[in-house]
Amino acid sequence: MSNEILGYMPCPETGCDQQAAVMQAKRKGAHLYTRCPDCGIDQRTGKARQLNIWRATTWKVDPPTPPANIEGDLVAGEKPKPKPTAIQEDWSPELEAREQAAAQTAPATDSEPKPKPKTGLVIAGIGLLAGLGLVAASI
């Protein structure tokens with residue numbers, strides 16, 4: 001029994017011009033894998049390979065659950081590619097210009113955390129100096 005074909009992508013092997021079927025493993029991690037009619041199955045689970053499959057695939061229907069090792073990269077702002085057959089009827093250049101202007105005027109959030117004061121080092125330094133003072137007083 002084989003998994004359902006979720007979409008297709010160009011075969012990643014150099015020199016192969018076939019379309020590879022993209023499927024998703026049912027095991028832990030839900031990794032994607034490809035099956036090319038000429039090159040066979042590629043089940044590599046590395047982050048770079050999984051991102052490559054996710055970005056290059058044209059999905060038959062809505063994209064599946066992202067593999068566990070790339071979810072954070074997709075949350076950072078990347079959305080799955082829209083299906084090529086979908087037509088966005090409400091798009092217009094004016095609407096896009098307004099959306100871009102609104103995005104530029106939105107207040108920027110400070111995404112970097114502020115450094116915490118190094119109170120532990122200060123306390124350790126005071127303790128070290130106090131210890132040295134006691135040693136010097138006993139000499």
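Reading the fold of a predicted model

Tutor: The protein chain has 4 helices and 5 strands. The model is a predicted one. From the N terminus on, the order of elements is β-β-β-β-α-β-α-α-α.

Student: What makes the 5 strands an open sheet, and in which order do they stand?

Tutor: The strands are arranged as β4-β3-β2-β1-β5, with antiparallel pairing. β4 (40-42) and β5 (58-59) stand at the edges with a single partner strand each, so one side of each has no neighbour in the sheet.

Student: How do you know that β1 and β2 pair?

Tutor: Pairing requires at least two bridges between the strands. Strand β1 (residues 7-10) and β2 are joined over 4 bridges in the antiparallel sense, so the requirement is met. As an example, Y8 has A21 in β2 as its bridge partner.

Student: How do you know that β3 pairs with β2, and what joins β3 to β4?

Tutor: β2 and β3 share 4 bridges and are antiparallel; M23 has Y33 in β3 as its bridge partner. Between β3 and β4 there are 3 bridges, again in the antiparallel sense, and R35 stands opposite I41 in β4. Both counts satisfy the cut-off of at least two bridges.

Student: Why is β2 called largely enclosed?

Tutor: Of the 6 residues of β2, 5 are buried, so the rest of the structure largely encloses this strand. For the protein chain, buried residues make up 21% of the 139 residues.

Student: Which residues have the most contacts inside the largest nonpolar core, and how many residues does this core have?

Tutor: The core has 13 residues, and V22, L32 and W59 have the most contacts inside it. At least two core residues come from each of β2 (19-24), β3 (32-36) and α1 (47-56). The largest share, 3 residues, is supplied by α1.

Student: What is L32 in contact with, leaving aside its neighbours within four places in sequence?

Tutor: L32 is in contact with V22, M23, Q24, R44, Q50, I53, W54, W59, P64 and P67. Two of these, V22 and W59, are also named with L32 as having the most contacts inside the core.

Student: Why does R49 count as buried?

Tutor: The cut-off for buried is under 20% relative accessible area. R49 has 8% relative accessibility, so R49 counts as buried. R49 is found in helix α1. Not counting residues up to four places away in sequence, R49 touches M9, P12, T34, D42 and R44.

Student: Why is L129 called exposed?

Tutor: Exposed requires over 50% relative accessible area. The value for L129 is 61%, so L129 is exposed. L129 has its place in helix α4 (residues 119-138).

Student: What makes the nonpolar surface patch of about 340 Å²?

Tutor: The patch is made by L128, L129 and L132. Membership needs over 30% relative accessible area, and L129 at 61% is over that cut-off.

Student: What supplies 58% of the area that the protein chain exposes?

Tutor: Carbon and sulfur atoms supply 58% of an exposed area of about 10,700 Å².

Student: What percentage of the contacts with a separation of 6 or more is between residues 24 or more positions apart?

Tutor: In the protein chain, such residues account for 36% of those contacts.

Terms used:
Residues numbered from 1 in each chain as written. Predicted model: local features only at pLDDT ≥ 70, side-chain atom pairs only at ≥ 80, totals over all residues. Heavy atoms only, no water. Core = buried A, V, L, I, M, F, W, Y, C linked by side-chain atoms within 4.5 Å. Buried < 20%, exposed > 50% of the residue type's maximum accessible area, 1.4 Å probe, protein only. Contact = heavy atoms within 4.5 Å. Areas by Shrake-Rupley, 256 points an atom, 1.4 Å probe, with all protein chains shown as cover. Patch = residues over 30% accessible without salt bridge, like charges linked within 9 Å, V, L, I, M, F, W, Y side chains within 5 Å. Salt bridge = Lys/Arg side-chain N within 4 Å of Asp/Glu carboxyl O.
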